[in-house]
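This report describes a single protein chain, from its overall architecture to selected residues. The sequence and the structure are shown first.

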Amino acid sequence: MLSFEFPAHLKRRLGMAVVVPAMIAGAIATFPQLKVAQAQTAADGRALSVRSDIQEANSETGVITARGNVQVNYPARQIQATAAQAQYFSRERMLVLTGNVYVLQAGNSMRAETITYLVDEGRFVATPKDNRQVESIYIVTDPEVSTSPTVTSSPR
């Protein structure tokens, strides 16, 4: 009867060749599966989109800053705005627009040097430049006022 035995150093190598891949496969199988991340899209209407020349986001402070030709669009609240700079404070849920700010919401408009929008309250706070004023234009519905132009005849 023939008998064969592997030398000790080959037994260790063979053991490692079998054990290590099994350990790796076990680790992969038990590693929690990552959820698929999905970005918000502007199509759902909840997104507040910002366009500008430069943007930066600080994940530690939660502040997103946009500078230069800033355009803000927030369809959920029918808000459109332009400014020189915008800062969104995500923890406070507050948008601060500065520098020749113009905000349009559902036909109403506001112009100021700084406008702060408090998202949870749905409230704007506007402040002017020194020695200037804030300008607002509101659409006022008045059933007694006709929206069609009045035609008057002039006497001949």
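The sections below treat the fold, the principal pocket, an aromatic pair and three individual residues.

## Overall architecture

The structure is a predicted model. Its secondary structure consists of one helix and eight strands. Read from the N terminus, the order of the elements is α-β-β-β-β-β-β-β-β, with the helix preceding the strands.

The chain has 156 residues, of which 18% count as buried. Among contacts between residues at least 6 apart in sequence, 29% join residues at least 24 apart.

## The largest pocket

The largest pocket has a volume of about 180 Å³. Its lining is formed by N100, R111, A112, E113, P128, K129, R132, Q133 and E135. Strand β6, which spans residues 108-118, supplies the largest share of this lining, with three residues.

In chemical character, the lining comprises five charged, two polar and two nonpolar residues. The charged residues include R111 and E113, and the nonpolar ones are A112 and P128.

## Strand β6 and the aromatic pair

Strand β6 also contains T116. This residue is buried, because its relative accessible area is 17%, below the cut-off of 20%. Apart from neighbours within four places in sequence, T116 is in contact with M94, L95, V96, R123, F124 and V125. F124, one of these partners of T116, also takes part in an aromatic pair.

The model contains one aromatic pair. The ring centres of Y117 and F124 are 4.6 Å apart and the ring planes meet at 40°, so the pair is classed as tilted; that angle falls between the limits of 30 degrees for stacked and 60 degrees for edge-to-face. The two members of the pair are described separately in terms of accessibility: Y117 is buried, with a relative accessible area of 3%, whereas F124 is partly exposed at 22%.

## N69 and its surroundings

N69 is located in strand β3, residues 63-74. With a relative accessibility of 56%, N69 counts as exposed, because the threshold for that class is over 50%. The backbone of N69 has a phi near 50°, a positive value in a residue that is not glycine.

Which residues does N69 contact, leaving aside its neighbours within four places in sequence? They are R51, S52, D53, A83 and A84. For D53, the side chains are joined by a polar contact of 2.9 Å to N69. In the case of A83, 14 residues from N69 along the chain, the two C-alpha atoms are separated by 6.4 Å.

## Q78 in the loop between β3 and β4

Q78 lies in the loop between β3 and β4, the latter strand covering residues 79-89. Although Q78 is not a glycine, its phi is positive, at about 55°. A positive phi is likewise found at N69.

Is Q78 buried or exposed? Its relative accessible area is 52%, so Q78 counts as exposed.

Key: Residues are numbered from 1 along each chain as its sequence is written. This is a predicted model: local features need pLDDT of at least 70, side-chain atom pairs count only at pLDDT 80 or more; totals for chains, interfaces and linings use all residues. Side-chain values use heavy atoms; hydrogens and water are left out. Rings of Phe, Tyr and Trp (its six-membered ring) pair if their centres lie within 6.5 Å; planes under 30 degrees apart count as stacked, over 60 as edge-to-face and the rest as tilted. Buried means under 20% relative accessible area, exposed over 50%, partly exposed in between (1.4 Å probe, protein chains only). On a 1 Å grid over the protein atoms alone, a cavity is a set of points where a 1.4 Å probe fits but cannot get out, and a pocket is an open set with protein on both sides within 12 Å along at least five of seven lines; lining residues have an atom within 4 Å of a point. Grid points are joined across faces, edges and corners, and a volume is the space filled by probe spheres set on the points. Helices (H or I, at least four residues) and strands (E, at least two) are DSSP runs, numbered from the N terminus. Contact means heavy atoms within 4.5 Å. A polar contact is a pair of N or O atoms within 3.5 Å; within protein, one must be able to donate a hydrogen and the other to accept it, and residues adjacent in sequence count only if both atoms are side-chain atoms.
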